[in-house]
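Biologist: I should like to go through this model with you, beginning with its sheets and ending with its buried residues. May I put my questions one at a time?

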Amino acid sequence: MISIDLRSDTVTRPSREMRKAMADAEVGDDVFGEDPTVNRLQDAAAKLLGKDAALFVPSGSMANQIALRLHCQPGDDVIVGEGAHNYLYESGAGGAIAGVQFTVVGAGGLFSAQDVAAAAKPADVHHVYAPTRLLCIENTHNRGGGVIWPRAVVAEVVTVARKLGLALHLDGARLLNAAVASGVSARELARPFDTVSLCFSKGLGAPVGSVIAGSGELVDRAHRLRKMLGGGMRQAGILAAGAFHGLTHNVARLADDHANARLLAERLSAVPGLSVDLARVQTNIVLVDLAAPLPAAADFAAALRVRGVACLPFGPRRLRLVTHLDVDRAACERAVEAFGETVRG
């Protein structure tokens, strides 16, 4: 039985207060634009992100795929960082649905303006290349361990991308983690980008939902793409109410998740055979590397699970731990104990 679930911040369960908000939600037909709770959420998200409009969608993956369709034509090229979600974790949808190809640059989720300049492919007269149309940044970066993009690097990357005529999309599934940890508003972090996605079903604890935000014209086009992808929902206010509750009650407390991740990282790095790059523990994700002769990650995770702690293998000898609102400090301390017991066998 799992008593401490560190597999992802998506495993959170809606609180009693969130469930009540959902049960009491005023609803209408959202495909007709008549669900007042969805409209309230969209307006709040657009204001938070500093964009003209936002569209409620079932998932972050759908938001990202809509962005690819908004900015690209089939056969276009998209620059992404190593391990980007829309490249690695969306079931090949970029190629299958948007018809794009990806050029992967940088390391650990981050890349430089020089990387972008070197990777961008021109729309030349001979039509040799798949022309690069879009650049995507993921902030925070999941595969990179929840790292936050340095603002100076973002500014340099954006400057080069604009000179090259590229559109810009921000995969902000965990953007509010970046905002809380850095002390920089989500609006400011989102400002350079044409479109931004934001997830409610991770650190904010809602059961379902994301938004994609941008100009009024882009979001109007996104409505059609959402319908095309099967994301047109009817009385979606029941879901939007959970997202709105998370947005209005659970943002500041993300700092608790970051503190708990830091506790895990520091305590686990002191356990023989375990190593953590503490410099990359900036938000709520901890990557733990297992030295030989400890078991491989999958076997180590199975042994932890017997002790009531769940986490995900993130490579042959790496585990990913994610803190969230259903895991408090005491649970993290017990998880450290379970790790120690597993190391000792």
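Modeller: A definition comes first: two strands are taken to pair if DSSP finds at least two bridges between them. The model is a predicted one.

Biologist: In S6, which residue is the bridge partner of Leu-135?

Modeller: S5 and S6 pair over 5 bridges, in the parallel sense. S5 covers residues 132–138 and S6 covers 167–172. Within this pairing, the partner of Leu-135 in S6 is Leu-168.

Biologist: In what order do the 7 strands of the open sheet stand?

Modeller: The sheet is open and its pairing is mixed. Its edges are S2 (53–57) and S4 (101–105), each of which pairs on one side only. Neighbouring strands are turned against each other by 20° on average, direction ignored. Read across the sheet, the order is S2-S8-S7-S6-S5-S3-S4.

Biologist: Over how many bridges do S2 and S8 pair?

Modeller: S8 comprises residues 210–214, and its pairing with S2 is antiparallel. One of the matched pairs joins Ala-53 to Gly-214 of S8. The number of bridges between S2 and S8 is 5.

Biologist: What angle does the direction of helix H3 make with that of S8?

Modeller: H3, residues 60–71, packs on the sheet. The helix touches S2, S3, S4, S5, S6, S7 and S8. Its direction and that of S8 make an angle of about 25°.

Biologist: How many of the residues of S6 are buried?

Modeller: In a regular strand, side chains alternate between the two faces of the sheet. On one side of S6, Ala-167, His-169 and Asp-171 are buried, and on the other side so are Leu-168, Leu-170 and Gly-172. Both faces of S6 are thus covered, and the count of buried residues is 6 of 6.

Biologist: Why does Ala-161 count as buried, and what is its relative accessible area?

Modeller: Ala-161 is found in helix H7. Beyond its neighbours within four places in sequence, Ala-161 is in contact with Leu-135, Leu-166 and Leu-168. Buried means under 20% relative accessible area. Ala-161 therefore counts as buried, its relative accessible area being 0%.

Biologist: How far apart in space are the C-alpha atoms of Ala-161 and Val-116?

Modeller: In sequence, Ala-161 and Val-116 are 45 residues apart. From C-alpha to C-alpha, their separation in space is 7.1 Å.

Biologist: Which residues of the largest nonpolar core touch the most other members?

Modeller: This core has 53 residues. Another core, of 30 residues, lies apart from it and includes Val-288, Cys-311, Ala-331 and Ala-338. In the largest core, the residues that touch the most other members are Phe-56, Leu-135, Leu-175 and Phe-200.

Biologist: Is the crossing of H2 and H11 left-handed or right-handed?

Modeller: H2 (36–49) and H11 (237–249) pack with their axes 8 Å apart, at an angle of about 35°. The residues in contact include Leu-41, Ala-44 and Leu-48 of H2, together with Ala-240, Phe-244 and Leu-247 of H11. By type, the contact residues divide into 10 nonpolar, 2 polar and 1 charged. The crossing of H2 and H11 is left-handed.

Biologist: Turning to the sheet of 4 strands, which are its edge strands?

Modeller: This sheet is open and antiparallel, in the order S9-S10-S13-S12. S12 and S13 (318–322) pair over 2 bridges, and Pro-313 stands opposite Leu-319 in S13. Helix H13 (297–306) packs on this sheet, its direction making about 45° with that of S13. The edge strands are S9 (274–275) and S12 (312–313).

Biologist: Is Asn-142 buried or exposed?

Modeller: Asn-142 has its place in the loop between S5 and helix H7. Its contacts, leaving aside neighbours within four places in sequence, are Tyr-89, Arg-174, Ile-285, Phe-314 and Arg-320. Because residues under 20% relative accessible area count as buried, Asn-142, at 6%, is buried.

Biologist: What is the relative accessibility of Ser-8?

Modeller: Ser-8 is in the loop between S1 and H1, and its contacts outside its sequence neighbours are Arg-174, Arg-320, Val-322 and His-324. Ser-8 and Ile-285 are 277 residues apart in sequence, with 8.7 Å between their C-alpha atoms. Ser-8 counts as buried, with a relative accessibility of 9%.

Notes:
Residues numbered from 1 in each chain as written. Predicted model: local features only at pLDDT ≥ 70, side-chain atom pairs only at ≥ 80, totals over all residues. Heavy atoms only, no water. Axes fitted to C-alpha atoms, helices over the stretch in contact; angles between N-to-C directions. Contact = heavy atoms within 4.5 Å. Core = buried A, V, L, I, M, F, W, Y, C linked by side-chain atoms within 4.5 Å. Buried < 20%, exposed > 50% of the residue type's maximum accessible area, 1.4 Å probe, protein only. Left-handed = near helix turned anticlockwise from the far one by under 90°. Nonpolar A, V, L, I, M, F, W, Y, C, P; charged D, E, K, R; others polar.
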